[in-house]
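Here is a short briefing on side-chain pairings. Keep the sequence and the structure in view as you read.

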Amino acid sequence: ASGRPNAGPPGGREGAMATCELCYDADPATGIACEPTEPGAKPHAFCGACLSTLVLQHAAEPMESLRKRDARVPCPYAPPVAKCGSGPLDDAVLAARVTGEARE
């Protein structure tokens, strides 16, 4: 195995996944995947706990940063970090998948 997730449907939608890209734990009940747009790029899958951490990190950013991306949460592997080319994670699915404080 390459260590890459066996992500389900793209677009930030729910789907079975094998491994979270951030913590490397399997959490298929709460996972979602990004929607890569670059040729040959594979979806990046994330568990609910890591998604919650991402939301909280982005919520703590300066207001100007939030405005630039319409307060949307990007795939952590989208440019300039990597070249998946994914747009922001789907807000509705993200809201359903984060836990605790990240929902507020």
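A salt bridge here is a side-chain nitrogen of Lys or Arg within 4 Å of a carboxyl oxygen of Asp or Glu. Arg67 and Glu64 meet that rule, with their closest N and O atoms 3.7 Å apart. The model is predicted. The count comes to 3 salt bridges, 1 aromatic pair and 0 disulfides.

**Salt bridges**

- Side chains of opposite charge can pair when their charged atoms come close.
- Arg67 and Glu64 sit 3 residues apart in helix α2, so about one helical turn separates them.
- Arg67 is exposed, at 54% relative accessibility. Glu64 is partly exposed, with a relative accessible area of 45%.
- Arg72 pairs with Asp91, at 3.0 Å from N to O. This bridge links distant parts of the chain: Arg72 lies in the loop between α2 and α3, Asp91 lies in helix α3, and 19 residues separate them.
- Both ends of that bridge are partly exposed: Arg72 has 27% relative accessibility, and Asp91 has a relative accessible area of 40%.
- Arg69 bridges to Glu61, with the closest N and O atoms 2.5 Å apart.
- Arg69 is buried, with a relative accessible area of 19%. Glu61 is partly exposed, at 26% relative accessibility.

**Aromatic pair**

- Phe46 and Tyr77 form a stacked pair. Their ring centres are 6.2 Å apart, and the planes differ by 10 degrees.
- The pair joins distant parts of the chain, 31 residues apart. Phe46 is in strand β2 (residues 45-46), and Tyr77 is in the loop between α2 (63-68) and α3 (91-97).
- Phe46 is buried, at 0% relative accessibility. Tyr77 is partly exposed, with a relative accessible area of 21%.

**Cysteines**

- Why does Cys20 form no disulfide with Cys50? The sulfur of Cys50 is the closest cysteine sulfur to that of Cys20, yet it is 3.7 Å away, too far for a bond. The cut-off is 2.5 Å.
- Cys23 is in a similar position: its closest cysteine sulfur, in Cys47, lies 3.8 Å away, too far for a bond.
- Cys20 is buried, with a relative accessible area of 1%. Cys23 is partly exposed, with a relative accessible area of 30%.

**Ser52**

- Ser52 is part of helix α1 (residues 48-59). Ser52 is buried, with a relative accessible area of 5%.
- Which residues does Ser52 contact, leaving aside its neighbours within four places in sequence? They are Val98, Thr99 and Ala102.

How values were computed. Residues are numbered from 1 along each chain as its sequence is written. This is a predicted model: local features need pLDDT of at least 70, side-chain atom pairs count only at pLDDT 80 or more; totals for chains, interfaces and linings use all residues. Side-chain values use heavy atoms; hydrogens and water are left out. Buried means under 20% relative accessible area, exposed over 50%, partly exposed in between (1.4 Å probe, protein chains only). Rings of Phe, Tyr and Trp (its six-membered ring) pair if their centres lie within 6.5 Å; planes under 30 degrees apart count as stacked, over 60 as edge-to-face and the rest as tilted. Helices (H or I, at least four residues) and strands (E, at least two) are DSSP runs, numbered from the N terminus. Contact means heavy atoms within 4.5 Å.
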